[in-house]
Amino acid sequence: MKTREGYFRALFSASVTLTLAILGSSLLPVPYAFSKTGVLLGILVMLVVAGSNCLTSLLLLKAAGKTGHDSYEGVALAIGGQKWKVLTQVSLILLLFGTIVGDFALISDVSARAFKGLAAPDTPPAWLVAYDGRGTMCLFAVVAVYPLCCLKGMRQLESAATVGVVVILAMVGIIVRTSIHAGLPAIKSGELPLWTFESAAQLPEAFVVLGFAFYLQPMMMPLLHDMPPGPSGLAITSSAVKIVIIGVACLMYGTMGIFGAARFGQATEGDCLVNTWLGGRREGWIDLFMALYLSISIPPMQISLRYTLDSLIAGEDAPFEWKRHMAETTGIIISTLLVALIFPAYAEKIFAITGATAVCIVCYVIPVGLHLKLRAHEKARTPGLALIQQEDREVQALLLPADENETDDVHLSVTAIDLNGQQSGNKLSQYWQTTHQVVLPVLVVVVGVSLSVAALLTTCRQWFSA
């Protein structure tokens, strides 16, 4: 049962939860993306991707408000029918499942490095670091990931999200301080250009890295379900999305990307923590806290995946049952963990494939497609709007007095000028509405799909040539 709460209290809760959702494992490859694009191009790509994700997120929330649904697949069913619902469900499951698997694989790598660093010069227990870190992966899954995933709703992650934000701020602070202390060597040497870039061929790969970093749509809808009901919850969620994507994420990713790439240049790894920042046991502590943060960042995706599966199994408005809830949670954790245990060293490949395919569909194609279909439905329901306005003007003309004098002529002249001005204003308004609601969303899809396909082809060529 949803209860009333203050606007700013709900906004803080939504913002910090979405911050945890967006600043997950995607933070680690951002310096690598900037090292390939340079500072200026990296910032431009980041702003384009952030603006595109913010636009499609708001379009999806607008559609949710008009259809009365608070699930992604529910909105798709209401606007596009069963085919759009199936496409949405399949895309969401593939995206979220693949992301969780990739995060588990990344935890195995980061946590194994952490225990090696903390135990140096000694050797940590073999079960922790052997077999590509599978032991540490299972340890974090049982101790941290699973208990948080058992929570009922997205907003119950608020306390964990607050801790996670503190960890990320500390890590970004370490990277900034270390890079400045080293004198920003890659910028000084020209290895990381400020205003130019090496090749436009690097743009697709950077777009996918950053596109994967900014996606928020799947986690946004379960959060909307937990918000105050009605327009107020929709408005709070929309404000939180703008704050997190345009404000928090751009600031954190931009800072991390620039200073991380400025420290190591072309030697920046796909996981920036593979590079040495502090050395010795301090490096182990950084990796340990990052492993903990990665464990905290999995539950928002797991809750979103469970939300989709529960809608598929029990229906969108099915009453909550702890038995079904725990079965779904356990099934998701076990299945994703098993896949990660089989492929523990393939986190980068999983992220590359997921980013170039499922993110593009879920974050760009489906929201824009639903928006355009909804707009077409609305226009189809009001075909006689222009005719009604014309009839209103004719009725007003019939009501004018028959004995018109000079004053009446002046009045009619002014009225005609006003009507012409209104028509001109209406045309400008129509042009703006068409640009804002049709041209811009379509452009977002075209750019997103083109660069995602290019990045997927580039990634495949790299794998086959390796």
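**Cavities and salt bridges, questioned**

The largest cavity is lined by A21, I22, G24, S25, S26, T99, D103, F212, A213, Y215, M219 and M301. The model is predicted.

Colleague: Which elements give two or more residues to that lining?
Modeller: They are α1 (7–22), α5 (82–119) and α9 (203–214). The volume of this largest cavity is about 80 Å³.

Colleague: What makes it a cavity, and not a pocket?
Modeller: A 1.4 Å probe fits in a cavity but cannot get out, whereas a pocket is open. The structure holds three cavities of 30 Å³ or more.

Colleague: How many residues of each class line the largest cavity?
Modeller: Seven are nonpolar, four polar and one charged. Gly counts as polar and Asp as charged, so G24 falls in the polar class and D103 in the charged class.

Colleague: What lines the second largest cavity?
Modeller: Y72, E73, L92, L96, P218, M221, P222, S304, Y307 and T308 do. Helices α4 (72–80), α5, α10 (217–226) and α12 (280–314) each give two or more of them. The volume is about 50 Å³.

Colleague: Why is the pair E158 and R9 called a salt bridge?
Modeller: The cut-off is 4 Å between a side-chain nitrogen of Lys or Arg and a carboxyl oxygen of Asp or Glu. For E158 and R9, the closest N and O atoms are 3.0 Å apart, so the pair qualifies. E158 lies in helix α7 (residues 158–181) and R9 in helix α1, so the bridge ties together parts that are 149 residues apart in sequence.

Colleague: Is E158 buried or exposed, and what about R9?
Modeller: Buried means under 20% relative accessible area, and exposed means over 50%. E158 has 14%, so E158 is buried. R9 has 42%, so R9 is partly exposed.

Colleague: How do you know that D271 is buried?
Modeller: Its relative accessibility is 9%, so D271 counts as buried. D271 also forms a salt bridge with R113, the closest N and O atoms being 3.5 Å apart. D271 sits in the loop between α11 (231–264) and α12, and R113 in helix α5, 158 residues apart.

Colleague: What about D310 and R324?
Modeller: Their side chains meet in a salt bridge at 2.6 Å, N to O. D310 lies in helix α12 and R324 in helix α13 (residues 322–342), so this pair ties together parts 14 residues apart in sequence. Both D310 and R324 are buried.

Colleague: Which residues do shared partners join into one network?
Modeller: D109, R113, D271 and D287. The whole structure has seven salt bridges.

Note on methods: Residues are numbered from 1 along each chain as its sequence is written. This is a predicted model: local features need pLDDT of at least 70, side-chain atom pairs count only at pLDDT 80 or more; totals for chains, interfaces and linings use all residues. Side-chain values use heavy atoms; hydrogens and water are left out. On a 1 Å grid over the protein atoms alone, a cavity is a set of points where a 1.4 Å probe fits but cannot get out, and a pocket is an open set with protein on both sides within 12 Å along at least five of seven lines; lining residues have an atom within 4 Å of a point. Grid points are joined across faces, edges and corners, and a volume is the space filled by probe spheres set on the points. Helices (H or I, at least four residues) and strands (E, at least two) are DSSP runs, numbered from the N terminus. Buried means under 20% relative accessible area, exposed over 50%, partly exposed in between (1.4 Å probe, protein chains only).
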